[in-house]
Amino acid sequence: MRTHIHVRTCCARRLGFFFCPALPAFQVIILFTTFFVKKYSLMFNLEPQKDALFRASRTTVVSTVTFLVVLGGSVFPVGYAVSRFRPSEDCGPFRAKATFLSVISEAVDASSTGGKEFVYYISSSGFLVPLLMVLMYVAMELGYIE
C-alpha cells in the first residue's frame with residue numbers, strides 16, 4: 001500500500017502527463033514489479049491473523065483519507081503551474097500563449113453565444129452549489145457518508 005501511495009504521490013500521473021509524458025510508462029513498470037514481488041512474498045510468507053476483527057474497515061478509511069490528501073497535494077502544484085507559469089516559446093501546443101489557461105478562455109470566447117452561456121452557467125455558484133448538495137445527498141443515501 002505504501003509503495004502505491006508513493007508512486008501516486010511522487011510520480012503522480014496528473015503531473016506526469018502534463019510535464020513528462022514518459023513518466024507514466026515508468027510508473028507502470030514500477031507498479032507491476034512491485035505487485036509481483038509482493039505477491040511472491042505473500043504467497044510464501046503470509047500467516048493470517050487470528051483476531052483481525054475490524055482491521056479491514058479501519059484500513060479502508062485510513063487509505064481513503066490518505067488518497068484524498070495525496071490528491072490535494074497533487075492537484076495544487078499542477079493548478080499552480082497551469083495558472084502561473086508561462087509555456088515554452090519553442091515547442092508545444094501552448095507556445096504563443098501567456099498561460100496554459102488562456103487556451104480555455106480563448107476557446108470560450110471563440111464559441112457561439114449559446115456555448116458561452118452554457119460554460120458561464122455551469123461554472124456559476126447557482127449551478128455548482130445545488131449540484132454539490134445533490135451529490136452529498138446521493139452519497140449519504142448510498143452509505144458513503146454517515
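How many salt bridges does the structure hold? The count is 1. Let me come back to that bridge in a moment. One point before we start: this is a predicted model.

First, the overall picture. The protein has 7 helices and 0 strands. Read from the N terminus, the order of elements is α-α-α-α-α-α-α. The protein has 146 residues, and buried residues make up 13% of them. Its accessible surface is about 11900 Å². Carbon and sulfur atoms account for 70% of that surface. Now take the contacts with a separation of 6 or more. Of these, 38% join residues 24 or more positions apart.

Back to the salt bridge. Which side chains meet in it? They are Lys97 and Glu106, at 3.0 Å from N to O. Here is the general idea. Side chains of opposite charge can pair when their charged atoms come close. Are the two partners buried or exposed? Neither label fits, because partly exposed covers the range between 20% and 50% relative accessible area. Lys97 has 21% relative accessibility, so Lys97 counts as partly exposed. Glu106 has 39%, so Glu106 is partly exposed as well.

Glu106 brings us to helix α5, which spans residues 102-110. Ser102 is found in this helix. At 12% relative accessibility, Ser102 counts as buried. What lies 2.6 Å from a polar atom of the Ser102 side chain? The backbone oxygen of Thr99 does.

Thr99 has another link to show you. Thr99 and Arg84 are 15 residues apart in sequence. In space, their C-alpha atoms are 6.6 Å apart. Arg84 is found in helix α4, residues 55-84. Arg84 is exposed, with a relative accessible area of 60%.

Next, a second serine. Where does Ser111 lie? Ser111 is in the loop between α5 and α6, and α6 covers residues 113-122. A polar atom of the Ser111 side chain lies 2.7 Å from the backbone oxygen of Val108. Ser111 counts as partly exposed, at 29% relative accessibility. Ser102, remember, counts as buried.

Now the aromatic rings. A search of the whole structure finds 6 aromatic pairs. Take one of them, Phe32 and Phe36. Why is this pair called stacked? The ring centres are 6.4 Å apart and the planes sit at 15 degrees, so the pair is stacked. The cut-off for stacked is planes under 30 degrees apart. Both residues lie in helix α3, residues 23-45. Phe32 and Phe36 are 4 residues apart, about one turn of the helix. Phe36 counts as partly exposed, at 48% relative accessibility. Phe35 joins in too: Phe32, Phe35 and Phe36 form one aromatic cluster.

Last stop, the surface. Find helix α7, residues 125-142. Tyr144 is in the segment after α7. Tyr144 is exposed, with a relative accessible area of 68%. Tyr144 also belongs to a nonpolar patch on the surface. Which residues make up the patch? They are Leu132, Val134, Met136, Tyr137, Val138, Met140, Leu142, Tyr144 and Ile145. Together they have about 970 Å² of accessible area.

A quick recap. The protein has 7 helices and 0 strands. Lys97 and Glu106 form a salt bridge. Phe32 and Phe36 stack in helix α3. Tyr144 is part of a nonpolar patch on the surface. Have a look at each of them in the structure.

Definitions and conventions: Residues are numbered from 1 along each chain as its sequence is written. This is a predicted model: local features need pLDDT of at least 70, side-chain atom pairs count only at pLDDT 80 or more; totals for chains, interfaces and linings use all residues. Side-chain values use heavy atoms; hydrogens and water are left out. Rings of Phe, Tyr and Trp (its six-membered ring) pair if their centres lie within 6.5 Å; planes under 30 degrees apart count as stacked, over 60 as edge-to-face and the rest as tilted. Helices (H or I, at least four residues) and strands (E, at least two) are DSSP runs, numbered from the N terminus. Buried means under 20% relative accessible area, exposed over 50%, partly exposed in between (1.4 Å probe, protein chains only). Contact means heavy atoms within 4.5 Å. Accessible areas come from the Shrake-Rupley method with a 1.4 Å probe; for residues, only the protein chains shown count as cover. A salt bridge is a side-chain nitrogen of Lys or Arg within 4 Å of a carboxyl oxygen of Asp or Glu. Patches are made of residues with over 30% relative accessible area and no salt bridge: like charges are joined within 9 Å, nonpolar side chains (Val, Leu, Ile, Met, Phe, Trp, Tyr) within 5 Å. A polar contact is a pair of N or O atoms within 3.5 Å; within protein, one must be able to donate a hydrogen and the other to accept it, and residues adjacent in sequence count only if both atoms are side-chain atoms.
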